[in-house]
Amino acid sequence: MSPPEPLASALADLDALEASGLAAFRQAETAEAVEGVRIEFLGQKQGRVRAAQERLKVLEPPDKRPYGQRFNTVKQALEAAWDAARARAERPDRAPSRGIDVTLPGHRPKLGHRHPLTQTADELVDLFGRFGFAVARGPEVEDVRHNFEALNIPPSHPARDPLDNFYLPGGMMLRSQTSTVQIRVMERQPPPVRVIAIGRVYRPDTVDATHSFMFHQIEGLMVDRGVTMADLKTLLRLFAQSYLGHDVKVRFRPSFFPFTEPSVEVDMHWHGGDRWVEMGGAGMVDPNVFRAVGYNPDEVTGFAFGLGIERLCMRRHGIDDIRLLYQNDTRFLAQF
Ligand code: PHE
């Protein structure tokens, strides 16, 4: 038998055993790790707790009682730590040591939505769809025939000035108006026609609060027997009231476009507002345009109109600078 040990150092070893056992259980994350710690400390044959119990035998008789009492509290503490570690390892998503607390409120992912211009375009398609208009399309890179010639705009016309258009090599250009789509539709199909076309147009304008080198237009074309200017005015009034409100007034001013005769400029006025705002141009399709696409101007008549989509969108939402529509600042876009 080994010589008797002083009680103080034996109690200090119990303290150290308790501290290292508690720490080991706290750090064990998986069920296997917990079991490893259990074997090391609470194992029946080789466990460190078991070894501490063996030490009772080498203590002086009066030391056995205080040592035994402290030993019992250490053993109970480690058994409790084992229970807690096991419970935690069985629900790993609750383990604080993993850094994930599933009970915390989540981060809501940011969802985008359609751009206000796209919303406006979609609403226009919907509205004119109810008036019986189908949607047509044409290319943004156009030839001079569709942008000018078939629209009765001769080579000498100032609208063809290189300073007012984006010309490309090979007789092509970025279209300056969606009236090009009128021609493309009539080339493809015989009358009657009732279409709208929505898309980008390009003009080398200096950018300011109401101008941009690129903007969007909605073009309308209706061709049939007996279509009149009264039909055009009625349609545009109905449209303005449906889209912008019943108190909207629409004014037609005499104007000139090579592809319509007579031609008008379309203004809109809001009750409570102080001024008329020009929305675009319109008129009765010029007989020369019908001839250019092989329609017989003695058989059919038609009207056409072209409105600026940015203006409609801005008036509808009270936006005062066109540039806001192109900057994609989410603080702006989130408002629509
Ligand atoms: N294309 C003309 C413009 O861009 C608008 C217009 C369209 C006028 C159709 C008459 C008929 O200014």
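**Figure 1. Overall view of the predicted model, with its twelve helices and ten strands.** Let's start with the whole protein, which is shown here as a predicted model. Its radius of gyration is 42 Å, whereas the globule rule gives 20 Å for 336 residues, so the protein is more spread out than a compact globule. The C-alpha trace tells us its extent: along the principal axes it spans about 130 × 50 × 35 Å.

**Figure 2. The ligand in its pocket.** Here we move in on the ligand, which takes up the space of the largest pocket. Several elements give two or more residues to the shell around it: helix α7 (179-188) and the strands β6 (214-224), β9 (276-285) and β10 (301-308). Of these, β10 gives the most, with three residues.

**Figure 3. The residues around the ligand.** In this view you can look at the shell residue by residue. The ligand is surrounded by 14 residues, and the closest are Gln177, Ser179, Arg203, Gln217 and Gly306. Sorted by class, the shell holds seven polar residues, five nonpolar ones and two charged ones.

**Figure 4. Polar side-chain atoms beside the ligand.** Three residues are worth finding in this close-up: glutamine 177, serine 179 and arginine 203. Glutamine 177 places a polar side-chain atom 2.8 Å from a nitrogen atom of the ligand. For serine 179, the distance from a polar side-chain atom to a ligand nitrogen atom is 3.0 Å. Arginine 203 faces a ligand oxygen atom instead, with an N or O atom of its side chain 2.8 Å away. As for how much of the ligand is covered, it exposes 330 Å² when taken alone, and the protein buries 90% of that area.

**Figure 5. A cis bond between two prolines.** Follow the chain to proline 191 and proline 192, where the peptide bond from the one to the other is cis, with omega near 5°. Proline 192 belongs to the loop between α7 and β5 (193-202).

**Figure 6. A cis bond leading to a proline in a strand.** Glutamate 261 and proline 262 are also joined by a cis peptide bond, and omega here is about 0°. To find your bearings, look for strand β8 (residues 260-269), which contains proline 262.

**Figure 7. A positive phi at an asparagine.** Our last stop is asparagine 152, which is not a glycine and yet has a positive phi of about 65°. You will find asparagine 152 in the loop that runs between α6 (144-147) and β3 (167-168).

Conventions. Residues are numbered from 1 along each chain as its sequence is written. This is a predicted model: local features need pLDDT of at least 70, side-chain atom pairs count only at pLDDT 80 or more; totals for chains, interfaces and linings use all residues. Side-chain values use heavy atoms; hydrogens and water are left out. A residue is near a molecule or strand if one of its heavy atoms lies within 4 Å of it. A polar contact is a pair of N or O atoms within 3.5 Å; within protein, one must be able to donate a hydrogen and the other to accept it, and residues adjacent in sequence count only if both atoms are side-chain atoms. Accessible areas come from the Shrake-Rupley method with a 1.4 Å probe; for residues, only the protein chains shown count as cover. On a 1 Å grid over the protein atoms alone, a cavity is a set of points where a 1.4 Å probe fits but cannot get out, and a pocket is an open set with protein on both sides within 12 Å along at least five of seven lines; lining residues have an atom within 4 Å of a point. A molecule sits in a cavity or pocket if more than half of its atoms lie within 2 Å of its grid points. Helices (H or I, at least four residues) and strands (E, at least two) are DSSP runs, numbered from the N terminus. Ala, Val, Leu, Ile, Met, Phe, Trp, Tyr, Cys and Pro count as nonpolar, Asp, Glu, Lys and Arg as charged, and the others, Gly among them, as polar. The radius of gyration is taken over C-alpha atoms; the globule rule is 2.2 Å times the number of residues to the power 0.38.
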